[in-house]
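Visitor: Please take a close look at one part of this model for me. Start with its sulfur atoms, then work outward.

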Amino acid sequence: MKEEFWRGRDWVRDNLSHAQTGFVSVFETTIRDLGGLLSAYDFSHDKVFLDKALELGSRLIKAFDGSDTGIPFGQVSLKDGISKNIPWAGGNALVAEFGTTQVENRYLSKMSGQPEFAQKHEHVFEILHEISPANGLFPIYVKNSFKGAPFEVQKLKNGGIRPAFTNNKVTFGAMGDSLYEYMLKIWLQGGKKEPMYREMYDKAIQGMHDSLLQKSTPSGLTYIADSNNGQLDHKMDHLVCFMGGSLALGAYTDPLGLDSERAQRDLKTGRALTYTCYQMYARMNTGISPEFVQFKDGQDFVIGRGAPHYLLRPEAFESFFILYHLTGDPVYREWGWECFQSIEKYCKTHIAYGELSNVMDTNGKPRNKMESFFWAETLKYLYLLQDPDTVIDLLHKHVFNTEAHPLRIFPVIDQEGGASTS
């Protein structure tokens, strides 16, 4: 598809503009648009993509303007730089959003020679490191602006205003998930030379094992529960299925070694969790997983209330790919092919693919909606899972952003060239 790629490059060069775009999600635009442009540049070395990424990144970084804590706002207007938090979040910032922009912006700084992108986004993690709860697990809502606050604010060690957690919900699902993913991936991106990120990851994974990891009855399926005000909610989002692959990647790169007790524990948990995610597909009439499941004694799990739909999500296939890539176990290919066939049967339309309203209804028709992550992640992971000749190397060369856009890690860039010297 090289001809199509270069046609796409020409469109980006001649037509892509953010000058008249209003409010966007900083998180979604970073992981989808900025990440896609940077990955296209990393593989093609065509400066068109880097130039467009730099222009977009320069607009997105204005989300930091006006924040008195160093934590960016969740939305920014690309045309005029006005920023604000997402209205439905009650004036709060979300940890999974401001904690999932670092891989992209560090790469942008390295390739452009403009350090501001990395500095601002890395500072977010420095703040998180300082305010981390004892178990390394972060509540999802954070107050990131105190202007006009009628009370005295707390301070960080450097004298800056300390962000405040405003709820006590902990989850590896929606609004919490990719923060923990990026703790590991930032460390890998930098060539394992920045221990703070790995320490945060290992602390969080220990906290997860200690307080959230559960097993179902009667089958003993492994799952990660949510915690609300210290009480477990025995549900698991499909989004949590990324953790199987992350745990495996963390185990294979553990500073203590793969044979260490910690790494073997994490690999075992990762494989067990991924099996649960496969069961979330296999036990449905369509062979496709719902948005989340609720675990019940004696029943393993049932479809979560109000969540029988499938949004073409990729997280299970992400873990299938990573685990196959690392272990070589063919079962992950078999599971992936089985799930792909179900998607082909129930989600494919005459022009594209659509979401399902009810994964138990074999007569249902796809919705007229398809998220961009279906192409960027779902199909990419399913393809890479079956590709015997992939150039992707998760242990020595590449790191995926959370939208499945691969980038070379910094030591490889330094060896092969390409980083800006300005």
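Guide: Start with Cys347. Its sulfur lies 11 Å from the closest cysteine sulfur, that of Cys339, which is too far for a bond. Keep in mind that this is a predicted model. The cut-off for a disulfide is two cysteine sulfur atoms within 2.5 Å. Cys347 has a relative accessibility of 0%, so the residue counts as buried.

Turn to Cys339. This residue has 1% relative accessibility and therefore counts as buried.

Which cysteines do pair? The structure has one disulfide. Its partners are Cys241 and Cys277, with 2.1 Å from S to S. The torsion about their S-S bond is about -100°, so this disulfide is left-handed. Cys241 sits in the loop between strand E12 (235–237) and helix H9 (242–252), while Cys277 belongs to helix H10 (residues 261–282), so the bond ties together parts that lie 36 residues apart in sequence. Cys241 and Cys277 are both buried. Cys339 takes no part in a disulfide, and the cysteine sulfur nearest to its own, in Cys241, is 10 Å away.

Now work outward from Cys347. One residue in contact with Cys347 is Tyr310. Leaving aside neighbours within four places in sequence, Tyr310 also contacts Tyr281, Ile288, Ser289, Phe317 and Ile343. Glu355, Leu356, Val359 and Thr378 complete that set of contacts. Tyr310 matters for the next step too. The largest nonpolar core has 121 residues, and Tyr310 and Phe317 touch the most other members. Helix H7 (residues 177–189) gives the most to this core, eight residues.

Arg313 comes next. It lies in the loop between strand E14 (300–303) and helix H11 (315–327). Its relative accessibility is 13%, so Arg313 counts as buried. The cut-off for buried is under 20% relative accessible area. Not counting residues up to four places away in sequence, Arg313 touches His238, Leu239, Tyr281, Glu291, Phe373 and Thr378. Tyr281 and Thr378 also appear among the contacts of Tyr310.

Strand E14 holds a backbone point to check. Asp300 lies in this strand. Its phi is positive, about 60°, although Asp300 is not a glycine. At 3% relative accessibility, Asp300 counts as buried. Set Asn229 beside it. Asn229 is not a glycine either, and its phi is near 50°, again a positive value. Asn229 sits in the loop between strand E10 (226–228) and strand E11 (231–233). Asn229 is exposed, with a relative accessible area of 62%.

One peptide bond also deserves a look. Thr217 and Pro218 are joined by a cis peptide bond, with omega about 10°. Pro218 lies in the loop between strand E8 (213–215) and strand E9 (222–224).

Move on to the empty space. The largest pocket has a volume of about 1500 Å³. Its lining counts 34 residues. Nearest its centre lie Phe5, Ser39, Ala40, Lys380 and His405. Helix H1 (2–15), helix H2 (26–44), helix H3 (47–60) and helix H13 (373–386) each give two or more residues to this lining. H2 supplies the largest share, eight residues.

There is enclosed space as well. Two cavities of 30 Å³ or more are counted. The largest cavity holds about 100 Å³. Its lining has 14 residues, and Pro72, Phe73, Gly74, Glu97 and Phe98 are the closest to its centre. The elements that give two or more residues here are H2, E4 and helix H4 (95–98). H2 thus appears in the lining of the largest pocket and in that of the largest cavity.

E4 leads to a sheet. Three strands form an open sheet in the order E4-E5-E6, with antiparallel pairing. Strand E4 (93–94) and strand E6 (164–165) are the edge strands, and each pairs on one side only. Strand E5 (residues 141–143) is joined to E6 by two bridges, and these two strands run antiparallel. Val142 has Phe165 of E6 as its bridge partner.

Key. Residues numbered from 1 in each chain as written. Predicted model: local features only at pLDDT ≥ 70, side-chain atom pairs only at ≥ 80, totals over all residues. Heavy atoms only, no water. Pairing = 2+ DSSP bridges. Helix = DSSP H or I, 4+ residues; strand = E, 2+ residues; numbered from the N terminus. Core = buried A, V, L, I, M, F, W, Y, C linked by side-chain atoms within 4.5 Å. Buried < 20%, exposed > 50% of the residue type's maximum accessible area, 1.4 Å probe, protein only. Contact = heavy atoms within 4.5 Å. 1 Å grid on protein atoms, 1.4 Å probe; cavity = no way out; pocket = protein on both sides within 12 Å on 5 of 7 lines; lining within 4 Å. Points joined across faces, edges and corners; volume = space filled by probe spheres on them.
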